[in-house]
Amino acid sequence: MAERNNVQVTPVQIEEQRSWMAQVRDMKERPRTYHIVTYGCQMNAHDSEKLAGMLEEMGLQPAEAREEADFVLFNTCCVRDNAERRALGNVTWLKEVRKQRPNLMIGVCGCMVQEPGMAEKLMKQYRFVDLAFGTSNLYRFPELFARAIEQRRPLVDVEEEDSIAEGLPVRRLRRDAAYLTIMYGCDNFCSYCIVPYVRGRERSRRMEDILREAQGLKDSGVKEIMLLGQNVNSYGKGSGTDFPTLLREIDALGIERIRFMTSHPKDLSDELIQAMADCRHVLPQFHLPVQSGNNEILRQMNRQYTREVYLNRVRSLREAVPGIGLSTDIIVGYPGETEAQFEDTLSLVDEVGYDSAFTFIYSPRTGTRAAGLPGQIPGEISTARIQRLIALQEKRQRERMARFMDQTERVLVEGLSKRSDRQVSGKGEHGISITFTGDETDIGQIVSVRITGQKNNTLLGERIQLA
Ligand code: SF4
């Protein structure tokens, strides 16, 4: 892979993109509506908010359904094979829609496009795609979009620069809660993971830019921010600052609720744990991916911690922040994983007692070290293992949730419950979904709720008035 450059996009370059936005807005023949289909993680969801912001600046309106839009953009993920296949399947389906609507424009962007060989594949096998671009040049979307409209033949643009762009328009999905990216990329090269290849090397935004954005969010009424990065714990590395310092600075702004993700266990310092305990607005919730409970598998995964170190970090977190909500990511069926090694994962899950866990069957990604390893685990074995893991996690989760009975949680209401329009739901401080009686007027409000029961992964409660 070619050497990548780390580039801070200049204000002049952002101005150039603004003038491309104005040019598109003035075009007579251009798409009027857009729909973005987003796959993958919160980073991608936030990228889609930036893309939507730029599209609206270019005069396009959002369309509810992709079939109705003049421009459909697929913001893709390539972390697992099925996410990639789903995205390509949906892109192909749209080719049929275009037979009825020849002016429909189709775009593909995000991690999948940045994957080695994917740009060529799109050009050869998906020639009906009008525009494809990666993650590094997202800030140049207005220019690429303008060119794609003008030239009316496929345009593919993938760069190898690891850019940081400030000052792009953003159309946020929620008014009460917002994503705030603090860093991009990853240097860890876990053996199974394609992210460092498609998102580039770690690079942190300047603290003053982050604080300005956080202050702006607070001023606009945002109650909760989620700080984002592939490995937030290494924020500022090599630049004289660090994540605990940033967390304390953001906390001092007085935003009501602050969360962050994702944290690599090897970089979880005592200073960060202390900052969590000290910061009034940082919520008692921590996502700490473990991936496996077996030391040999962790070594092969290049995770750079042991089971013992991980458990020690969990203990420290629980001592500093009693009752903290803990969640994790776990991969089963890593190449060569034996039954005994898998059982180490089960025993770790039992010992920790997570409030939630995202469990995955290992998915080989071309170009990563693990993809070429012998001992790939047959699907039926991985499936049986993940079922055992999920059953154990669900049991532990139910037991953990019992600690909230009769306790008060403050819930930021996200919307009406899926089951009833006389109920609302949102997340409590510990990151667990809570449902209670309410209506649309509660959406975006923080409500105190006494927990009265639990159903599946959700806590049930009733609103209370605090004295
Ligand atoms: S820390 Fe590991 S799993 Fe997470 S993004 Fe980086 S390489 Fe991937």
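**A five-stranded barrel, a helix pair and a ligand shell**

In this predicted model, five strands close into a barrel. Their order is S17-S18-S19-S21-S20, and the pairing is mixed. Neighbouring strands of this sheet are turned against each other by 55° on average, direction ignored. Strands of a sheet pair through backbone hydrogen bonds, either parallel or antiparallel. For strand S17 (residues 408–416) and strand S20 (residues 446–455), the sense is antiparallel. Five bridges join S17 and S20. Arginine 410 has its bridge partner in S20, namely serine 448.

A helix pair was examined next. Helix H12 spans residues 307–320, and helix H13 spans residues 339–352. The two pack at an angle of about 10°. Their axes lie 11 Å apart. Angles under 35 degrees count as roughly parallel, and H12 and H13 are therefore roughly parallel to each other. On the H12 side, the contact is made by Arg307, Tyr310, Leu311, Val314 and Arg318. H13 contributes Asp344, Ser347, Leu348, Glu351 and Val352. By class, the residues of this contact divide into five nonpolar, one polar and four charged.

The ligand has a shell of its own. Cys186, Asn188, Phe189, Cys190, Tyr192, Cys193, Val195 and Pro196 are among the residues that surround the ligand. Gln230, His264 and Arg303 also belong to these surroundings. Seven residues of the shell are nonpolar, three are polar and one is charged.

Definitions and conventions: Residues numbered from 1 in each chain as written. Predicted model: local features only at pLDDT ≥ 70, side-chain atom pairs only at ≥ 80, totals over all residues. Heavy atoms only, no water. Axes fitted to C-alpha atoms, helices over the stretch in contact; angles between N-to-C directions. Helix = DSSP H or I, 4+ residues; strand = E, 2+ residues; numbered from the N terminus. Parallel < 35°, antiparallel > 145°, perpendicular 65-115°, else oblique. Contact = heavy atoms within 4.5 Å. Nonpolar A, V, L, I, M, F, W, Y, C, P; charged D, E, K, R; others polar. Pairing = 2+ DSSP bridges. Near = heavy atom within 4 Å.
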